[in-house]
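User: I'd like to go through this one and hear the reasoning behind each label. Can you take me through it?

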Amino acid sequence: MDKKEKALSPVRRIHGGAHLPHFKNTAEIETEIMPVNKTVYIPLSQHIGAPASPVVKKGDEVFVGTLIAEENGFISAPVHSSVSGTVKGIVDRALTSAATVKCIEIESDGKMTPDPELKPFKIETAKDISDAAKACGLVGLGGAGFPAHVKLLPSKNANIDTLIINAAECEPYITSDYRECIENVDGIIAATFLLKEKLQLEKVVICVENNKPKAIKKLMEVAANSRDADDTVKLMKLPSTYPQGAEKVIIYSATGRKVPLGKLPSDVGCIVMNVTSLAKLYDFITTGMPLTSKRITVDGTAVAEPKNLLVPIGTPINDILDYMNIDIDSVDRVIMGGPMMGQPVASLDAVVEKRTNALLVMKSDERTRSTTACIRCGRCQRTCPMNLTPARVETAYKNGNIQAYENLNVNYCIECGSCSYICPAKRPLTEVMRIAKATLRRQKK
Amino acid sequence: MSNLLKGSSSPHIRHEDTTAGIMFDVVLALAPAAVYGCVIFGLKALFVLIATIVSAVLAEYLWNLILKKPQTIGDMSALVTGVLLGMNLSPETPIWIAIIGSIAAIIVVKQMFGGLGYNFVNPALAARIILLVSFPSFMTKFSEPISDVVSSATPLADLKATSIKTLFFGMHSGCIGETSAFLLIIGGLYLIVRRVINPIIPISFIGTVALLAAVSGENPLKYILSGGIMLGAIFMATDYVTSPTENIGKLIFGIGCGLITFVIRRFGSLPEGVSYSILIMNIITPLINRIPLRHPFGFKEGKKV
């Protein structure tokens, strides 16, 4: 890449999309390492798929990076200790969804000693990349939590030619991926070239939204220095319309390919990786340190001094709020993830997981409460990136017309939240879409 | 301290626009033309407007109160109906007729069909037509601006005598709010800029009328500047509830309105075609909305580019 060379423009643009306020308050604030000397609760299930099986027992000494639970089947991921200390046992704990999950309780000795047995991971073949992702315990850090080794496995049928690095970070408030781009730009570019070479990809596109010019500039500069002969690593500037970072949307923007319903990115020849996932994978390959800590953006209307914090996985949310000096009585809701797709935290017992990228502490917002009747303004359907008609689904839902859900193609909904966001009547459209999808699923069974 | 927090379904932030905000924008956009109507037609026009506004809001308030429904006057839709109805009446309208109109609009046309969002025709328009067929002699009495001379002739009846400039700035007889095309267009532009309305309906509506007028040998400018076309095309035909949601649907709707307006004006014996044309297209709207114009993203099998 020439230094003069400009970033690519999207190949295609999606229909609709919402113009959100960015609220990137923490963009220019250096990541702060949160000191830990308490107890962490590391969930055995932090990914889509089967929960990991514990390999430690009460009283075991562990270090940062020690394997404490191994994967259980193909779609699963191992879990590592995020602190050094003593295993206190396996406990049930309520997490985001208010369902209890088995967690390994580890009392930290406060020293954060890395496991002495950690060593760099040798990469020779394409399969080694997938193995490294598995050994690292890597899951989709953008929020999906899908085990990364599964999509990196070069299977015979998949005709993968494009790797898309997702640094869009289209949700308001969150800047953890942006900080990764700024603070670890060398790692990202090195990892990009490594993957391109080992997976024998024709094309790599690093996608960043155009509201992050600094990240774009930095990535371009470093990429220019390490350019290879065939010059196939490109940077793409995406428009900052939500949801640019959604998998189907970013594939369409980067390649013009549409992922059909029920298909995966690999079916259209693409792998999409979150930028922090990529950086973490490279970190593991070079140092051997698996995924044990996460950079999370702590922000929201109830936070006076928003920050990016580097916290060990398994840290209870209560400890983070204490550290941030947030008065819990002024808080209405705590959301794990972004304001558009994040999950509300049912109790402060919830912990930071691998896929957590933000913690939003919100005051009460009356705007989300008072609804009026639908005035059929059509904004929901103009905004829907999947070209659906949320208001009509709501009517079908109110009429109990389950057959209509299918006709209205609710299964295409990616639950991005744009329809509810834009609705002037403040109707809970996304919620209804979600219920409609679940109803259809149940009925099919 | 309880460790439990409030839950809510994502998304957790909402756009600032509200139903009431949109309705208020419409009132703001209508205000210049309404005020102008009061200036040129005098106090009697002001009284008609006040009567329709107050009785519309009051009718909605009482309906909700008596039927023990949640109060909905806060969404401002009754206010919009009141203003629109008043602007669609002649300044010579007796107050009691104006009040009957408002009650008909809110109770009969809107609330009896389920309230905001469920009415199948525009309440103000339907009320105007109810008044027109119930009290034809009162409803076709117009007065000249400034003076108190009562004349039954609107510019529609003798188009040739009125200049384009008069029509554009609204110094002619007609309903309270329909005379000044200039101020109505300003209001329409405001709504387009604020993204409250989509320009497809007004442009296709007015464009169709102008085209047909030109083809039939009339002066297209005079044709579209007279009568209720501007008020109807910009503010009544664009009513969300009773117009199609898709862009192609809006185009069909606008062209249909223009066509029917022209046919009624040119060949019918009615004094004005705008109200009927929009009403007819309102009724057709559910059918237009059923045209499958929309396919979800990735609907066709994904092809490699």
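Analyst: Sure, and keep in mind that this is a predicted model. Let's start with a proline: A:Pro243 sits in the loop between strand E11 (233-238) and H6 of chain A.

User: What makes the peptide bond from A:Tyr242 to A:Pro243 cis?

Analyst: The omega angle: it is near -5° for the bond from A:Tyr242 to A:Pro243, and that bond is cis. Most peptide bonds are trans. Chain B has a cis bond too, joining B:Ser10 and B:Pro11, with omega about 0°. B:Pro11 is in the segment before helix H1 (19-41) of chain B.

User: What is notable about the phi of A:Tyr173?

Analyst: Its sign. Most residues other than glycine have a negative phi. A:Tyr173 has phi near 70°, a positive value in a residue other than glycine. You'll find A:Tyr173 in the loop between strand E9 (162-167) and helix H3 (176-183) of chain A. A:Asn409 also has a positive phi, near 60°, and lies in the loop between helix H11 (402-407) and H12 of chain A.

User: Are A:Tyr173 and A:Asn409 buried or exposed, and how do you know?

Analyst: Buried means under 20% relative accessible area. A:Tyr173 comes out at 4%, so it counts as buried. A:Asn409 has 18%, which is under that cut-off, so A:Asn409 is buried as well.

User: And why is A:Asn25 called partly exposed?

Analyst: Partly exposed is the range between under 20% and over 50%. A:Asn25 has 42% relative accessibility, so it falls in that range. It belongs to the segment before strand E1 (32-33) of chain A.

User: What does A:Asn25 touch, leaving out residues up to four places away in sequence?

Analyst: A:Tyr173, the positive-phi residue from before, plus A:Asp299 and A:Pro306. A:Asn25 and A:Pro172 are 147 residues apart in sequence, yet their C-alpha atoms are 9.5 Å apart.

User: What makes the link between the side chains of A:Asn25 and A:Asp299 a polar contact?

Analyst: The distance is one part of the rule: N or O atoms have to be within 3.5 Å. The side chains of A:Asn25 and A:Asp299 are joined at 2.9 Å, so that part is met.

User: On to the rings. Why is the pair A:Phe121 and A:Phe284 called tilted?

Analyst: Two values decide it. Ring centres must lie within 6.5 Å to pair, and planes under 30 degrees apart count as stacked, over 60 as edge-to-face and the rest as tilted. A:Phe121 and A:Phe284 have centres 5.6 Å apart and planes at 40°, so the pair is tilted. A:Phe121 is in the loop between strand E8 (100-108) and helix H1 (126-136) of chain A, while A:Phe284 is in helix H7 (residues 275-287), 163 residues apart. At 24% relative accessibility A:Phe121 counts as partly exposed, whereas A:Phe284 counts as buried at 6%.

User: What kind of pair do B:Trp96 and B:Phe135 form?

Analyst: Edge-to-face. Their planes are at 85°, and the centres are 5.4 Å apart; over 60 is what that label takes. B:Trp96 is in helix H4 (residues 95-110) of chain B and B:Phe135 is in the loop between helix H5 (123-134) and helix H6 (136-139). B:Trp96 counts as partly exposed, at 44%. Together with B:Phe138, these two form one aromatic cluster.

User: What makes helix H11 (residues 229-236) of chain B mostly covered?

Analyst: Eight of its eight residues are buried, including B:Ile229, B:Leu231 and B:Phe235.

User: Last stop, the interface. How many residues of chain A and chain B are in contact?

Analyst: 69 residues of chain A are in contact with 42 of chain B. The two chains bury about 5,000 Å² between them, 53% of it on carbon and sulfur atoms. In chain A, A:Ile375, A:Arg376 and A:Arg379 lose the most area, together 14% of what that side buries.

User: How do you know that B:Asp17 and A:Arg379 form a salt bridge?

Analyst: The limit is 4 Å between a side-chain nitrogen of Lys or Arg and a carboxyl oxygen of Asp or Glu. The closest N and O atoms of B:Asp17 and A:Arg379 are 2.9 Å apart, so the pair qualifies. The count between the two chains is one salt bridge. Across the interface there are also 23 residue pairs in polar contact.

Note on methods: Residues numbered from 1 in each chain as written. Chains lettered and ligands numbered in written order. Predicted model: local features only at pLDDT ≥ 70, side-chain atom pairs only at ≥ 80, totals over all residues. Heavy atoms only, no water. Buried < 20%, exposed > 50% of the residue type's maximum accessible area, 1.4 Å probe, protein only. Helix = DSSP H or I, 4+ residues; strand = E, 2+ residues; numbered from the N terminus. Contact = heavy atoms within 4.5 Å. Buried area = accessible area lost by both parts, 1.4 Å probe. Polar contact = N/O pair within 3.5 Å; in protein donor to acceptor, adjacent residues only side chain to side chain. Phe/Tyr/Trp six-rings, centres within 6.5 Å; stacked < 30°, edge-to-face > 60°.
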